[in-house]
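Q: Please take a close look at one part of this chain. Start from a single residue and work outward from there.

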Amino acid sequence: MAPNVPFDMQTEIMKRFPVKSLIRFQSVSKTWKSVISSCDFIACYSRHQQQQHLLLRYHDDFTEKYVSVVDDDSFSEQRVSLTAPLLVNTLKCSTTIGSSHGLLCSYSLSHSLDALIHGRCMAVISNPSVGKGVGVVVPNFETGIYKTSLGFGVCRETTDPKIVKVTHITNSPDIERITSIPRQVEVFTLSKRAWRPPYSSNLPRKSIRFFNKVVVVDGVLYWLATDRTPRWSNQWYNLIVSFDMTSEEFREVNLPDSLADSNMFIWNLSIYKIRESIAVLECDINVVWVMENGVSKSFTKLFTIDVNMPHASLIGFRKSGELIIQIYQAGPRTSKYVVYEPYSKHIDDVEFGGMNFSLCVPYMETLLLLDQPNFTVYDDMETLQLPSSFVW
């Protein structure tokens with residue numbers, strides 16, 4: 001920029017540039033690097049990003065990689081390849097638990113750091129746009145009489161990333177016998193680099209079982225769950241449990257009767273973010289329900305997916321509400337992708353570069369994690385700083 005432009009104005013102008021440009025700008029001068037990597041600039045930039053992308057994940061020679069696609073009228077024409085931060089690829093057979101404010105969070109019980117963290121579960125929070133990732137050791141990850149479910153999101157007030165760990169009773173016969181669940185809910189905040197109990201004391205009822213079907217919308221986590229307290233003729237029922245990332249309060253959201261009925265197996269339901277609300281898909285009949293205006297207990301049957309194609313599955317939604325559908329085919333490239341408009345039932349082929357994707361999530365480019373040190377794993381017992389020469 002011209003030297004006569006006031007520095008405050010330079011800072012405001014920089015906030016309008018994409019992340020890729022800002023990463024390059026850090027090498028222009030020490031002053032610019034200091035500003036761009038400052039906590040205030042990162043938080044302000046991340047709060048005001050509006051352009052939505054879709055982040056698509058694929059694997060190449062066991063390495064996780066991404067394609068970021070601008071979700072506008074030029075859909076699929078503006079796409080950028082991104083490489084996962086190194087810590088992400090320490091995870092083996094990982095599960096992605098959430099995407100929020102440009103960050104992804106995945107975890108695994110199996111990873112390349114077993115010798116360092118003694119076989120415990122590890123999560124990785126990563127920002128593919130800036131190439132940074134931090135590891136978080138998950139304590140007391142239960143797989144026996146109790147089971148653990150994880151959720152991830154970013155607090156809308158502070159832009160602080162949080163991992164939420166919820167432990168539930170595995171088998172229903174144990175519900176009456178067990179009076180309380182040890183460490184039922186714990187929250188990890190990146191700013192404090194530690195796990196703690198939630199602010200609120202209204203914990204989920206011990207009869208509720210959580211599933212690894214969770215989305216975050218506007219700073220609130222929504223889990224698909226089953227309540228094993230009989231409601232209708234001694235039957236269990238399905239519901240949604242929400243967790244506000246700011247107040248850290250749990251609430252229960254009733255599903256429509258046809259979805260709540262225990263005859264509707266929870267495995268037949270999937271949950272997605274659509275625009276700024278949540279959608280629940282009945283997988284066997286391809287019916288999509290949406291929570292109206294974010295109001296609990298108010299679900300509307302939105303549409304039925306009718307693509308008339310074998311081996312088709314929904315992988316995500318565009319910001320317009322159109323569906324992205326993956327169609328499996330025989331051959332070296334085993335999938336093709338289409339965009340489906342549910343009201344006109346119009347279908348357009350879309351080209352994503354010939355890859356087979358295992359994840360499709362709404363995504364915004366942000367600078368979160370830019371100020372974090374590389375190769376760091378946070379543990380309640382110690383912080384591990386891995387050398388850049390570590391053999392992954």
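Which residues is cysteine 121 in contact with, leaving aside its neighbours within four places in sequence?

A: Cysteine 121 is in contact with Tyr107, Ser108, Leu109, His111, Val136, Val137, Val138 and Phe141, once neighbours within four places in sequence are set aside. This is a predicted model, and these contacts are read from it. Cysteine 121 sits in strand 6. Its relative accessibility is 2%, so cysteine 121 counts as buried. One of the contacts can be given a backbone distance as well. The C-alpha atoms of cysteine 121 and valine 136 are 8.7 Å apart. Along the chain, 15 residues separate the two.

Does a disulfide belong in this picture? The count of disulfides comes to zero. As a general point, a disulfide would be a covalent bond between the sulfur atoms of two cysteines. The cysteine sulfur closest to that of cysteine 93 is in cysteine 121. The distance is 13 Å, whereas a disulfide needs sulfur atoms within 2.5 Å, so this pair is too far apart for a bond. The two ends of that pair also differ in burial. Cysteine 93 counts as exposed because its relative accessibility is 81%, while cysteine 121, at 2%, counts as buried. Cysteine 283 gives a second case. Its closest cysteine sulfur is in cysteine 360, at 16 Å, and that too is too far for a bond. Cysteine 283 has a relative accessible area of 29%, so it is partly exposed.

Now the nonpolar packing. The largest nonpolar core has 34 residues. Ile125, Ile163 and Leu367 touch the most other members. Strand 6 (121-127) is among the elements that give this core two or more residues. So do strand 5 (103-108), strand 7 (132-138) and strand 8 (146-154), along with helix 2 (19-25), helix 3 (30-36) and helix 4 (39-47). A second core is separate from it. That one has 21 residues, including Ala260, Ile266, Val287 and Phe299.

Isoleucine 125 deserves its own look. Leaving out residues up to four places away in sequence, isoleucine 125 touches Leu103, Leu104, Cys105, Lys132, Gly133, Val134, Val136, Phe152, Pro161, Ile163 and Leu369. Val136 appears here, and Val136 is also a contact of cysteine 121. Ile163, another residue that isoleucine 125 touches, is itself one of the three core members with the most contacts to others.

Two loops carry backbone angles to check. Histidine 101 lies in the loop between strand 4 (95-100) and strand 5. Its phi is near 50 degrees, a positive value in a residue other than glycine. Asparagine 140 lies in the loop between strand 7 and strand 8. The phi of asparagine 140 is near 55 degrees, again positive in a residue other than glycine. With a relative accessibility of 34%, asparagine 140 counts as partly exposed.

Next, the charged pairs. The whole structure holds 15 salt bridges. One of them joins glutamate 248 and lysine 162, 2.8 Å from N to O. Glutamate 248 is in the loop between strand 14 (235-244) and strand 15 (250-254), and lysine 162 is in strand 9 (161-169), so the pair ties together parts that are 86 residues apart in sequence. Both glutamate 248 and lysine 162 are buried.

Strand 9 supplies lysine 165 too. Lysine 165 bridges to glutamate 186, with the closest N and O atoms 2.7 Å apart. Glutamate 186 belongs to strand 10 (185-189), and the pair links distant parts of the chain, 21 residues apart. Glutamate 186 and lysine 165 are both buried. Elsewhere, salt bridges with shared partners join Asp71, Arg318 and Glu322 into one network.

The bridge between glutamate 12 and lysine 15 has its closest N and O atoms at 2.9 Å. Glutamate 12 is partly exposed, at 37% relative accessibility. Lysine 15 is partly exposed as well, at 21%.

Isoleucine 13 closes the tour. It lies in helix 1 (7-14). Its relative accessible area is 34%, so isoleucine 13 is partly exposed. Together with Met9 and Phe17, Ile13 makes a nonpolar surface patch of about 240 Å².

Technical notes. Residues numbered from 1 in each chain as written. Predicted model: local features only at pLDDT ≥ 70, side-chain atom pairs only at ≥ 80, totals over all residues. Heavy atoms only, no water. Core = buried A, V, L, I, M, F, W, Y, C linked by side-chain atoms within 4.5 Å. Buried < 20%, exposed > 50% of the residue type's maximum accessible area, 1.4 Å probe, protein only. Helix = DSSP H or I, 4+ residues; strand = E, 2+ residues; numbered from the N terminus. Contact = heavy atoms within 4.5 Å. Patch = residues over 30% accessible without salt bridge, like charges linked within 9 Å, V, L, I, M, F, W, Y side chains within 5 Å. Areas by Shrake-Rupley, 256 points an atom, 1.4 Å probe, with all protein chains shown as cover. Salt bridge = Lys/Arg side-chain N within 4 Å of Asp/Glu carboxyl O.
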